[in-house]
Amino acid sequence: MAVCIAVIAKENYPLYIRSVPTENELKFHYTVHTSLDVVDEKISAMGKALVDQRELYLGLLYPTEDYKVYGYVTNSKVKFVMVVDSSNTALRDNEIRSMFRKLHNSYTDIMCNPFYNPGDRIHSRAFDNTVTSMMMQVC
Amino acid sequence: MDGAAAAAAGQQGGEKPPVIYTMENKPIVTCAGDQNLFTSLYPTLSQQLPREPMEWRRSYGRVPKMIHLESNFVQFKEELLPKEGNKALLTFPFLHIYWTECCDTEAYKAAVKDDITKWQNVLKAHGSVDWLIVVVESDAKKKNKTNILPRTSIVDKIRNDFCNKQSDRCVVLSDPLKDSSRSQESWNAFLTKLRTLLLMSFTKNLGKFEDDMRTLREKRTDPGWSFCEYFMVQEELAFVFEMLQQFEDALVQYDELDALFSQYVVNFGAGDGANWLTFFCQPVRSWNGLILRKPIDMEKRELIQNQEATLLDLRSYLFSRQCTLLIFLQKPWEVSQRALELLHNCVQELKLLEVSVPPGALDCWVFLSCLEVLQRIEGCCDRAQIDANVSHTVGLWSYATEKLRSLGYLCGLASEKGPNSEDLNRTVDLLAGLGAERPETANASQSPYKKLKEALSSVEAFEKHYLDLSHATIEMYTNIGRIRSAKLVGKDLAEFYMRKKSPQKAEVYLQGALKTYLAEGWALLVTHTRKQLAECQKQLGQIDNYLQTSSLLASDSHLTEDERKRFCQEILDFANQQTESQGEKIILSMHSFAQLKTLHFDPPNAVVHVGGKLSIEVTLQSQMPIPVPVDQIAIYVHFSIEKNSYRKTAEWLTKHKTSNGVISFPSEAASFPWSRNNLPALELYEMYERSPSDNSLNTTGIICKNVHMLLRRQESSTSLDMPSGVTLEDGAHMLKCSDLILEPGINKITFETQAKEPGTYTLRQLCTSLGKVQFVLLHIYPIAQYDVYSQEPQLKVEPMTDSLLAGIPQKVKFTVITGHYTMKSGDTLQLSNADAMPILYHPESKAVIYSNTREKISESTLKIQSSEKITSISLPVTPAYHVIEFELQVMYLPSTPEPAVEGENTVNKEAYGKSKEKQKADSHMATVDQKVTIDCPWSIYSTIIALTFCIPFNAKHSLLSAGKRKYVQVCVQNLSELCFQLSENSLTNSVDCTDLQLVPLNPDSQQVIYSKQSIFFVWELKWTKELPLSLQCLFSVSFCPATSEEQSLSLKPFTYEFQVENFFTLYNVKTEIFPPLGAEYCKTGSLCSLEVSITRLADLLEVDKDEALTESDGYCTTKLMYEVVDNSSNWAVCGKSSGVISMPVAARATHKVHMEVMPLFAGHLPFPDVRLFKYLPHHSAHSMQPDADSWIENDNLSVDKNVDEQAESSSLRSRSSLHSAASGEHKGLPMPRLQAFSSGQVFNCSTGMQILVVPSKDDHVLEVNVT
């Protein structure tokens, strides 16, 4: 389904990043990193909105020839970025949204772990499984 | 007028179908009947019709719209009416109007009716119901014909004949060419009618058309269904909406077509292919990009109509239509957004449909299309608008750049050597696919077509265009704050430069990108960029930078083992190059090469004495993938002497530095800033500083050790990567280890040094040398330092308890700090003996030797020899910088007091001979300092040590009288914390006096005196003869600690010497109070009589011989002053309360004084005090004796009240004559003086007596104050 899923800290360093075809890992890193430009733009654009009214889902960040990049930002400014293959037309906005919500829930679980230090890289197996399931769903 | 011309053209050249595919299309309205009439009305009509908007209500719940109607009026012809099955909408006549001016019934019947009937029949034959008959009336015509029917009749006739139930299909227009209100009204009514009917027709006909279209669409699963046919049908609808200026609706039609097609492609991808779609899968042969300059690209439209279009043709046409409509709607930014989507989508669709595309063809198409869209947008917006919306267009710029780059790579234009023949062939093929330039841009100086052709023509042209595009894109990205995107484009540019072998240009971009990635902590990107940078630096010959980058890469865990080894080998190869060039050493930052983990000092407190050995174990974690031979590892040490600093003294150092000797360095997380905000945690330490002399706390606080880390300015660019200006401090002090091999991972290296100069040594830098390469750790933090000290030999003697007590054996600790002196055998401490303080010791007392760090080394017995003068203690053999400790007992013996009495009237004196005494307040012990002179082996000078002893007891005495009987009381108070046993108390009269006897009234047994308690001893004084004036007494009591087991020691008794004088009772004072006569008791408020009788008890004595004594006729008299004082305010003394009496000096002589007093309270009241003073007249030089009474009365008595109080409070102290003398002087007048008696001389036998006073019955006075 998704080809790359990344969790990025408030300070824009990667907390977690995984992509499915491993040989393209570097390319996805570049893609995700570049997408932060648009995330920043979108966040600053909606900065004024009230917290409870704020939409966490940022929508399509930018399309490339081969991939579509979607963004999501938590209230603590942790960003989720998902890269989806452009040819995968079965994925609609709603599915992407629910995937992000699932991801957010799993991330919240990590944060609830008293042994996890916020800001550290994520090594949780549960989170890994969630991500794997999202990547495997259709493919 | 334009419209009129068109209408005229329509009228004249009616044979040609009036289909013009421009937005000038208007709905067609036909005109029949009187053409001349219509021509005359046409200008007004075409002008007035669009003036007012009309609400158009739509079917299917679509939003009603206000619409300005315009029409194309053409002459009615039967050919204009659509035949059955004709779907054309643009040529469809929406309304048919019949114009007539007829007002004559005859004429109507003759011609007009037939004409209308014919017209109606034609309409009916074609099923058209949208018609209108207009009857124009004018007053001019009416006047001409007099016998005309009322005008309504013609209209009525027409209505009757043609409009069965639709009377609104016939309207009257009166005097249309006149400028009157009536004419205006009539026009308005007509126009409204016309508009309404037009809209009705639209609604009806378009609704029908849409229904047909939907039906057609429902058949799309039929095998013969053709998308292109359907496309033309729906586009017809779009055209009509466009004609009606309903661009949104028109756009919807195209969007529907777009979505439908996309869905088919997706379904095709899913295996559900439609036959017609295979047609679109034909190989791409032309890639000439989008054409957006024409409203309708007829060429492509024809291709679609003829079902010959390729996928790109269809998409291009569809987008060009959407673009046109969006620009009409003034949404140019949506154009750019949709364009990007379209381009991506097309690329995907071609892939999905597996259309064969020559390599580079799509890149050409995308590049041309991007530029075309950008130019189209630029054509309809001004510069400021474009600049403000760069974020919408920058994507297209970036996409175009990307495509041009890949074209350049494909055609060999980006290589150093230029294109080869294969590349050239490919280029020719690509150019062929572009076809000829379109006529509309052929004459323009620049167009996307020209740009691409030029770029592909030569290496230089390509470079120019590519750089232009790249720079423009980077600038746009930077301007809108998309730094990351800008860096990515920059990196592509760097790659291009590297291919062109111009690394100096590439470096800037690589460094820029690297900085961004480093700052945000994207490890993989950092690694990748560094790899490129290393290559770039290698080509540039920046050896320092290249090696630094190589070392970073060699330690990078994101690289493969082989790559890391390769980079490591690069460093080693360079390091091992022959150094014949005598080149400078290359200094690199160490953090990538190895990390300093810990420093371990031995001794652990990192304090060493001069000449001592210190070792430092350094733990280095090598980051290299292979073992690295190292020539030398050196620690540069900074040496500083801090003189006059207490903190650097041996004493402080050995006491305070008690760390475990391990300094851990934070792991190198800092070198990889995951985040800039990740400040180091606070390093807080408690701090206590004690005074050097008594170890009391001077200051305390909390110290933050890494303030400089926390409070420094956050640098935006951390120059971690480029250790510019790495310099080695040229320190004279250096610790070295040579010829090592650093294994990957943890390495332990031990440095050893022998301490030389005292001072502080700070480890500043760590340097690893490999041939020509040096890796340097610039700052060692946290600060690691060791101290070297030297120390003078020292002797300390301290009591073991808080204070030493005199009289009993006490332990004293001797501490010898050897310092730099080595104790040899035979070295002794020689103590000069003092009589008052013998030194007691056990033969088996031991000395303990400690190292300077308080580690116990050994124990040895102490040899002590004592002669009369000197006690000599042999010290054990001890190396330098050690401590010898042993304990001895000393006892302070107060020497026997000497009988000498100091001072005239001083009654008590604790005399301890030669020793100095510090008499403190009553509750504190008196102290005595005893000095001991000690000769130390290391010095020719003697050390004098003062020991302070406290005297544990304090004694007081008092004289008690009972009439003539006398008692002496001594109070002994234990001030110490110890508990003592007292025995053998005695009081002796020092002056040998046989007729005086001191009879003890105390028990003989031992008494225990506890800490802070007192014991009283009493003796009765008995005498047989005349008493002496004063008595010298010596109190003595033996004591020993109650807990002490050994009583063997001869302890000296505690002694107390004092003197009592003038203790013989001279006067007896008796006071009596009598109730008033006849009354049984004294009553409050009533006067009672007070009788004071003063009785002389002795005859003339030595003490009486003073100035007050007068002698006449063998009788001696003296003058006394009495005073009645009631301090507790129980009594009111009425009349004189004091007076002077003349007292005969003879035994039993009595003087009585009466006065009246009044009790103020009821109850048992104590008697008022009666005081007696010796009344000394003024110096005898005065002849005249003033009348005492007379001056006493004027209250000017010189009796100092303080005197009385003093006398009262301390009865012990006798009134000194000094005082009265002083007061006399003070007054400056010849005044009589008063002298108090000493305590034993006056006995008041009424002291403590009380008398009962009853309350008076009617003294309940109630005072009520009303305010």
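**Rings, cavities and odd backbones: a walk through the model**

Hi everyone. Let's begin with aromatics: B:Trp225, B:Phe227, B:Tyr230, B:Phe231, B:Phe261, B:Tyr264, B:Phe280 and B:Tyr317 come together as one aromatic cluster. Please keep in mind that this is a predicted model.

Across all chains, a search of the whole structure turns up 48 aromatic pairs. Let me pick one pair out of the cluster. The ring centres of B:Trp225 and B:Tyr264 are 6.3 Å apart and the planes meet at 20°, and because stacking asks for planes under 30 degrees apart, this pair counts as stacked. Where do the two partners, B:Trp225 and B:Tyr264, sit in chain B? B:Trp225 is in the loop between helix H6 (181-218) and helix H7 (227-243), while B:Tyr264 belongs to helix H8 (residues 247-269), so the pair ties together parts that are 39 residues apart in sequence. Both B:Trp225 and B:Tyr264 are buried.

While we are on rings, two arginines deserve a look. B:Arg499 lies over the face of B:Tyr409, 3.9 Å from the ring centre. B:Arg566 has its charged end over the ring of B:Phe567, at 4.6 Å from the centre.

Back to helix H8 for a moment, since B:Gly269 is found there too. B:Gly269 is partly exposed, with a relative accessible area of 42%. Its C-alpha is 5.8 Å from that of B:Leu352, although B:Gly269 and B:Leu352 are 83 residues apart in sequence.

Now for the empty space. How many cavities of 30 Å³ or more does the structure hold? There are 12 of them, and the largest cavity encloses about 140 Å³. It is lined by 15 residues, and those closest to its centre are B:Asn288, B:Glu372, B:Arg438, B:Thr441 and B:Tyr449. In chain B, helix H13 (361-380), helix H17 (439-442) and helix H18 (448-457) are the elements that give two or more residues to this lining. By class, the lining of the largest cavity has seven nonpolar, three polar and five charged residues.

Helix H13 of chain B is worth a short stop. Is H13(B) enclosed or open to the outside? Of its 20 residues, 15 are buried, so H13(B) is largely enclosed by the rest of the structure. Its length also checks out: at 1.5 Å a residue the 20 residues of H13(B) should span 28 Å, and the end C-alpha atoms are 29 Å apart, which agrees.

Next, a pocket that draws on both chains. The second largest pocket has a volume of about 1,400 Å³. Of its 42 lining residues, A:Tyr62, A:Pro63, A:Thr64, B:Ser398 and B:Tyr477 are the closest to its centre. From chain A, helix H1 (25-45) and strand E3 (57-63) each supply at least two residues of the lining. From chain B, helix H12 (332-352), helix H15 (390-410), helix H19 (459-479) and helix H20 (483-499) each do so as well. Which helix gives the largest share of that lining? That is H15(B), with 10 residues. Sorted by class, the lining of the second largest pocket has 16 nonpolar, 13 polar and 13 charged residues.

A quick word on chain A as a whole. Its secondary structure comes to three helices and five strands, running β-β-α-β-β-β-α-α from the N terminus on. Of the 139 residues in chain A, 51% are buried.

I'll finish with the backbone. Most residues other than glycine have a negative phi, and most peptide bonds are trans. Which residues and bonds of chain B depart from that? B:Gln307, which is not a glycine, has a positive phi of about 55°. B:Gln307 lies in the loop between helix H10 (298-305) and helix H11 (311-328) of chain B, and with 31% relative accessibility it counts as partly exposed. B:Gln330 has a positive phi too, near 60°. B:Gln330 is in the loop between H11 and H12 of chain B, and at 67% relative accessibility it counts as exposed. As for the peptide bonds, the one from B:Asp602 to B:Pro603 is cis, with omega near 5°. B:Pro603 itself lies in the loop between strand E9 (594-602) and strand E10 (607-609) of chain B.

Thanks for listening, and I'm happy to take questions.

Terms used
Residues are numbered from 1 along each chain as its sequence is written. Chains are lettered from A and ligands numbered from 1 in the order in which they are written. This is a predicted model: local features need pLDDT of at least 70, side-chain atom pairs count only at pLDDT 80 or more; totals for chains, interfaces and linings use all residues. Side-chain values use heavy atoms; hydrogens and water are left out. Rings of Phe, Tyr and Trp (its six-membered ring) pair if their centres lie within 6.5 Å; planes under 30 degrees apart count as stacked, over 60 as edge-to-face and the rest as tilted. Helices (H or I, at least four residues) and strands (E, at least two) are DSSP runs, numbered from the N terminus. Buried means under 20% relative accessible area, exposed over 50%, partly exposed in between (1.4 Å probe, protein chains only). A charge sits over a ring if NZ of Lys or CZ of Arg is within 6 Å of the ring centre and within 35 degrees of the ring normal. On a 1 Å grid over the protein atoms alone, a cavity is a set of points where a 1.4 Å probe fits but cannot get out, and a pocket is an open set with protein on both sides within 12 Å along at least five of seven lines; lining residues have an atom within 4 Å of a point. Grid points are joined across faces, edges and corners, and a volume is the space filled by probe spheres set on the points. Ala, Val, Leu, Ile, Met, Phe, Trp, Tyr, Cys and Pro count as nonpolar, Asp, Glu, Lys and Arg as charged, and the others, Gly among them, as polar. The expected span of a helix is 1.5 Å times one less than its number of residues.
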